[in-house]
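Please keep the sequence and the structure open side by side while you read this note. Take the points in order and find each residue as you go.

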Amino acid sequence: MGIFASLGEKMEKFYNHSCYKMSSFRTYFLGFLCSLFDFHELQLNSFVFQFFYYIILSVLGFLALKLSVMKTTTIRLADLDLFFTAVSASTVSSMSTVEMELFSNSQLIVITVLMLLGGEIFTSMLRFNFVRSNFAHKIKSIDSRVHDNPPNSKNFPGKIESGLVVHPQVKDEKTSSIIEDGDKSLSGEHLRNVSIKLLNHVVIRYIFLVQILGAGLIFLYVSFVPSAKEVLKNKGIQMQIFSIFTAVSTFSNCGFVPTNENMKVFKKNSGLLLFLIPQVLLGNTLFAPALRGVIWVLGKTTKRVEYGYMLNNSRELGYSYLLPGLHSFVMAIVVLVLIVFEFLFFCSMEWNSEALYGLDGNEKFVGSLFQVVNLRHTGESVFDLSVVTPAVLVVFIIMMYLPARASFLNLEDKEVDVKNGEGETKKKKMSLKGRGHDTFSPLFFLVPFVIFICMTERDKLKEDPLNFNVLSITLEVIRGHFWSSAYANVGLTTGYHCSLQLRPDPFCKPVWYGFVGRWSPGGKLLLVVVMFLGKLRKFGK
């Protein structure tokens with residue numbers, strides 16, 4: 001009987017221990033599932049947040065433009081054109097259906113605010129803080145669900161068997177060990193939180209300092225260069241508003257300029273174009289490498305440990321533009337290589353063409369460099385793209401097709417064991433894997449929009465094929481996708497020219513707004529949808 005009693009006691013202990021393990025596994029498995037679903041919910045919430053952010057910003061911008069005081073000489077602008085302008089500025093697409101000089105100073109200020117709040121770098125910080133705060137809330141919710149339902153066991157021997165009850169001396173040792181580990185964990189978490197807050201301050205200061213410096217340089221140039229000052233005086237544009245508007249537009253990669261001709265009227269002002277080129281790069285393709293460089297300089301000068309933490313744990317912080325050193329270096333090289341390629345190709349095709357007619361060698365060089373730097377995502381133009389050869393336009397479209405952070409490489413983290421004085425620690429190391437995920441974005445769903453727009457403009461395609469053709473419509477659609485041009489969000493446009501009409505219209509008046517300004521209301525509304533899709537395209541990856 002004693003043997004059976006002992007066997008029964010052991011079976012009971014085994015049963016209780018198994019129940020505890022299964023309960024613990026179930027609790028943490030359910031916690032994992034909750035975190036998985038909460039992650040997808042987080043992604044959905046981020047999409048909804050950004051979608052409504054641009055909708056609300058565009059609506060408020062439209063109301064502000066409509067209620068603002070207009071120029072006394074300006075004809076009343078249609079509500080659709082005002083809404084289109086608000087959407088274009090909010091999504092930094094720089095697509096215009098009216099001439100920019102029709103807007104008053106107060107309306108130009110409204111557009112400046114929309115470009116600032118809709119710029120990719122500014123909105124990236126909003127997304128970063130939204131996702132971080134939402135994710136932290138989800139983690140706390142999951143932790144509370146796990147800890148509020150701990151596994152229970154009614155059998156005291158089972159607790160002894162599973163190691164839940166220990167000798168007091170051993171218990172004290174384990175408790176002190178747990179406290180020390182907890183202090184280390186809290187210290188690491190505290191450093192991460194402080195680094196994130198500091199990163200927010202660095203990016204915000206970067207945004208405003210670069211734009212303030214850019215606006216100051218522009219103001220000094222137009223103040224001391226008679227030809228540029230005369231242009232603004234003849235157009236009735238205040239130098240202060242022009243400087244701030246152009247600096248914000250260039251840095252945000254919107255491409256709006258207060259003049260009807262965009263930057264064409266300044267194509268002989270090489271100094272102004274050279275001041276704007278760094279603004280274009282620092283606000284877009286070179287922002288990630290520049291941000292890492294700024295953090296490195298701050299770390300060297302201030303000796304704060306948070307900057308070193310940012311550089312060594314860039315992926316853990318979760319900010320999409322803070323990239324590892326190798327990734328940032330490769331990205332910078334790719335940007336420079338693409339600029340050199342575009343510049344050589346453009347000069348070889350257009351150096352003696354009509355587009356560059358009337359410029360000397362220095363002006364051609366600087367103008368061509370400014371144009372190719374703007375190709376990727378800004379959209380400010382110094383040349384008439386309607387007279388550019390089709391081969392160059394195709395290259396322009398391809399450059400707009402490339403995302404700002406294209407590196408053509410898949411850089412992955414590998415954990416490497418590194419021995420130190422206390423033992424072995426794991427250190428992350430970047431390695432190249434080949435062409436990566438951040439090279440091209442699928443544009444297949446843009447094809448239906450091109451087809452629908454061709455359907456809405458089918459009469460003009462027949463009657464005015466030199467202005468209205470599939471290539472021009474495709475360029476207008478793709479240029480809003482990536483940062484400024486409808487879906488590319490670039491802002492480059494071929495425009496509309498009365499001289500290209502097969503049946504000359506005596507009432508046709510040359511205008512300086514974009515090609516979309518000649519579209520029907522249905523085509524404009526379709527392009528509004530494309531601009532919104534261009535800002536939300538990252539959620540389709």
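The numbered points below go from the whole chain to single residues.

1. Start with the status of the model. It is predicted. Keep that in mind at every point below.

2. Now the overall make-up. The chain has 19 helices and four strands. It holds 541 residues, and 48% of them count as buried. Its accessible surface comes to about 27400 Å². Carbon and sulfur atoms own 66% of that surface.

3. Look at how the chain folds back on itself. Take the contacts with a separation of 6 or more. Residues 24 or more positions apart account for 73% of them.

4. Go to the largest nonpolar core. This core has 50 residues. Which of them touch the most other members? They are Phe242, Met263, Phe266 and Phe396. Several helices give two or more residues to this core, among them H6 (168-224), H8 (239-251) and H14 (361-375). Helix H13 gives the most, with nine residues.

5. Zoom in on phenylalanine 242. Leave out residues up to four places away in sequence. Phenylalanine 242 then touches Ile218, Val222, Leu232, Ile237, Val257, Pro258, Thr259 and Phe266. A second core is separate and has 28 residues, including Met310, Leu317, Tyr321 and Leu323.

6. Next, a nonpolar patch on the surface. The patch covers about 800 Å². Its makers are Phe47, Val48, Phe51, Phe52, Ile56, Val59, Leu60, Leu63 and Leu67. Phenylalanine 47 sits in helix H1, which runs over residues 2-67. Is phenylalanine 47 buried or partly exposed? Its relative accessible area is 32%, so it is partly exposed. Patch members need over 30%, and phenylalanine 47 has 32%.

7. Compare two residues from the start of the chain's loop and helix region. Alanine 78 lies in the loop between H1 and H2. With a relative accessible area of 38%, alanine 78 is partly exposed. Its C-alpha atom is 9.6 Å from that of valine 98, although the two are 20 residues apart along the chain. Serine 88 belongs to helix H2 (residues 79-90). Serine 88 has 0% relative accessibility, so it counts as buried. What does serine 88 touch, not counting residues up to four places away in sequence? The answer is Ser93, Ser94, Met95, Cys254, Phe256 and Met531.

8. Met531 leads to helix H19. Met531 is one of the buried residues there, as are Leu527, Val528 and Phe532. Lys524 and Lys535 are also buried. Check the length of this helix too. H19 has 15 residues (521-535), so at 1.5 Å a residue it should span 21 Å. The end C-alpha atoms are 22 Å apart, which agrees.

9. Turn to the charged pairs. How many salt bridges does a search of the whole structure find? It finds eight. One joins arginine 127 to glutamate 120, with the closest N and O atoms 2.9 Å apart. Both of these residues are buried.

10. Another salt bridge joins glutamate 261 to lysine 235, at 3.0 Å between the closest N and O atoms. Glutamate 261 lies in the loop between H8 and H9 and lysine 235 in helix H7, so the pair ties together parts that are 26 residues apart in sequence. Both glutamate 261 and lysine 235 are buried. Glu101 joins Lys235 and Glu261 in a network of salt bridges.

11. A further bridge joins glutamate 363 and lysine 268, at 3.6 Å from N to O. It links distant parts of the chain, 95 residues apart: helix H14 for glutamate 363, the loop between H8 and H9 for lysine 268. Glutamate 363 is buried, at 12% relative accessible area. Lysine 268 is partly exposed, at 46%.

12. Finish with two backbone angles. Asparagine 262 is not a glycine, yet it has a positive phi of about 60 degrees. This residue is in the loop between H8 and H9. Asparagine 262 has 15% relative accessibility, so it counts as buried. Lysine 303 also has a positive phi of about 60 degrees and is not a glycine. Its place is the loop between H10 and H11. Lysine 303 is exposed, with a relative accessible area of 66%.

Methods: Residues numbered from 1 in each chain as written. Predicted model: local features only at pLDDT ≥ 70, side-chain atom pairs only at ≥ 80, totals over all residues. Heavy atoms only, no water. Patch = residues over 30% accessible without salt bridge, like charges linked within 9 Å, V, L, I, M, F, W, Y side chains within 5 Å. Areas by Shrake-Rupley, 256 points an atom, 1.4 Å probe, with all protein chains shown as cover. Salt bridge = Lys/Arg side-chain N within 4 Å of Asp/Glu carboxyl O. Buried < 20%, exposed > 50% of the residue type's maximum accessible area, 1.4 Å probe, protein only. Core = buried A, V, L, I, M, F, W, Y, C linked by side-chain atoms within 4.5 Å. Contact = heavy atoms within 4.5 Å. Expected span 1.5 Å × (residues − 1).
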